[in-house]
Amino acid sequence: MPALSILALALAPLLVNGQLSGSVGPLTSAHSKAATKTCNILDYGAVADNTTDIGSPLSEAWDACSDGGLIYIPPGDYAMDTWVSLSGGKATAIILDGTIYRTGTDGGNMILVENSSDFELYSNSSSGAVQGFGYVYHREGDLDGPRILRLQDVSNFAVHDIILVDAPAFHFVMDDCSDGEVYNMAIRGGNSGGLDGIDVWGSNIWVHDVEVTNKDECVTVKSPANNILVESIYCNWSGGCAMGSLGADTDITDILYRNVYTWSSNQMYMIKSNGGSGTVKNTLLENFIGHGNAYSLDIDSYWSSMTAVDGDGVELSNITFKN
Ligand SMILES: *[C@@H]1O[C@H](CO)[C@@H](O)[C@H](O)[C@H]1NC(C)=O
Ligand SMILES: *[C@@H]1O[C@H](CO)[C@@H](O)[C@H](O)[C@H]1NC(C)=O
Ligand SMILES: *[C@@H]1O[C@H](CO)[C@@H](O)[C@H](O)[C@H]1NC(C)=O
Ligand SMILES: *[C@@H]1O[C@H](CO)[C@@H](O)[C@H](O)[C@H]1NC(C)=O
Ligand SMILES: *[C@@H]1O[C@H](CO)[C@@H](O)[C@H](O)[C@H]1NC(C)=O
């Protein structure tokens with residue numbers, strides 16, 4: 001496995017300098033998954049006519065390849081009218097080289113990947129994108145539309161080189177995931193709260209080289225989380241990066257943010273709670289550059305935008321701010 005040993009060598013310095021606890025990313029390359037089996041969505045009823053619903057063809061292609069294989073979404077324009085829950089994948093990848101346009105109106109998550117291991121979602125041409133048309137909701141003052149992408153209980157994964165535009169709600173959530181890498185992402189949301197860029201909780205996850213334009217969370221860690229490394233992030237007209245909102249039994253440790261550039265945002269970093277319990281510890285924030293932000297650092301333990309939670313407050317200890 002030469003590819004894996006090169007990966008291990010490349011990661012070795014990070015284990016010393018960063019906060020990761022082990023290697024991250026898929027265990028098998030997309031090429032070897034493709035060699036096992038390739039499920040092209042066009043063979044499962046998808047049509048790149050920007051009208052036919054991609055939902056059930058994508059689910060069927062997933063079912064056919066979820067035990068090991070590559071699901072391929074070729075270049076072209078696809079309408080998404082029904083949402084997908086892609087479950088139980090083992091050694092699976094999805095290449096999104098087309099553009100998916102939201103046409104459906106359900107809440108929830110347009111694309112949910114759950115209970116999967118050795119998973120990769122990426123664009124092989126760097127042009128894969130999802131257009132959420134959030135403005136259709138937002139112009140009515142409605143922030144309750146769907147999120148674009150959620151990974152739940154996914155391990156050894158990577159998401160990279162895709163563009164997420166104008167989510168009705170959050171853009172990308174990682175919920176209880178582990179050993180993952182997210183990189184080369186551009187997120188372009190609306191100018192409003194409630195439209196988070198990336199929210200992450202879980203263990204041993206590296207998020208890097210991401211640009212977020214929105215007006216809420218840029219790349220934010222939630223509880224419980226340990227060994228999360230966030231670096232080389234550009235928050236543009238954003239809420240800024242943050243930790244929280246923190247509630248009862250907060251359990252966050254070994255978090256490192258570095259090389260974060262923040263432009264015209266609410267703040268460069270915020271730690272937010274209102275009551276609650278538990279701890280945030282062993283956290284380092286270093287090399288932040290900001291221009292035109294309302295605040296640089298905002299630690300708010302009585303954050304009025306959240307309802308007070310029972311408890312004496314979340315304890316912050318061994319938090320270092322450098323450069
Ligand atoms: C990605 O694209 C390159 C160039 O077109 C191609 O050679 C390669 O096979 C593609 N990879 C996969 C996994 O399809
Ligand atoms: C696809 O359809 C959407 C409306 O659902 C439209 O806004 C978009 O421009 C179309 N894409 C192309 C490439 O025509
Ligand atoms: C998770 O997926 C595996 C297959 O990979 C399956 O055996 C198991 O039942 C699934 N668990 C849940 C909770 O869905
Ligand atoms: C930053 O946000 C502003 C305001 O939304 C937008 O005009 C500009 O294109 C964004 N810059 C980048 C690099 O995305
Ligand atoms: C404080 O946190 C840093 C990581 O930011 C860690 O390396 C160090 O061991 C921690 N110190 C203590 C006393 O736990």
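How does Ser-232 count at 30% relative accessibility: which of buried, partly exposed or exposed applies? In this predicted model, Ser-232 counts as partly exposed because its relative accessibility, 30%, lies between the 20% under which a residue is buried and the 50% over which a residue is exposed. Ser-232 is part of strand 14. Its backbone has a positive phi of about 55°, although the residue is not a glycine.

A positive phi is also found at Asn-184, again in a residue that is not glycine; the angle there is about 50°. Asn-184 belongs to strand 12, which spans residues 172-188. With a relative accessibility of 37%, Asn-184 is likewise classed as partly exposed, because this value falls between the bounds of 20% and 50%.

Two cis peptide bonds were examined along with these backbone angles. The bond that leads from Ser-223 to Pro-224 is cis, and its omega is near -5°. Pro-224 lies in strand 14, which runs over residues 217-236; Ser-232, with its positive phi, is found in strand 14 as well. The other cis bond joins Gly-244 to Ser-245 and has an omega near 0°. In this case the second residue of the pair is not a proline but Ser-245, whose place is in strand 15 (residues 240-246).

The domain assignment divides the protein into domain 1, covering 37-195, and domain 2, covering 233-322. Taken over C-alpha atoms, the centres of domain 1 and domain 2 are separated by 28 Å.

The surroundings of ligand 5 were also described. Gln-19, Asn-282, Thr-283, Leu-284 and Asn-318 surround this ligand. On its own, ligand 5 has 370 Å² of accessible area, of which the protein covers 41%. By residue class, the shell holds four polar residues and one nonpolar residue, and no charged residue is present. Strand 18, formed by residues 278-291, makes the greatest contribution to the shell, with three residues. At Asn-318, a polar side-chain atom is placed 2.4 Å from an oxygen atom of ligand 5.

Key
Residues numbered from 1 in each chain as written. Chains lettered and ligands numbered in written order. Predicted model: local features only at pLDDT ≥ 70, side-chain atom pairs only at ≥ 80, totals over all residues. Heavy atoms only, no water. Near = heavy atom within 4 Å. Polar contact = N/O pair within 3.5 Å; in protein donor to acceptor, adjacent residues only side chain to side chain. Areas by Shrake-Rupley, 256 points an atom, 1.4 Å probe, with all protein chains shown as cover. Helix = DSSP H or I, 4+ residues; strand = E, 2+ residues; numbered from the N terminus. Nonpolar A, V, L, I, M, F, W, Y, C, P; charged D, E, K, R; others polar. Buried < 20%, exposed > 50% of the residue type's maximum accessible area, 1.4 Å probe, protein only. Domains from an automatic or database assignment.
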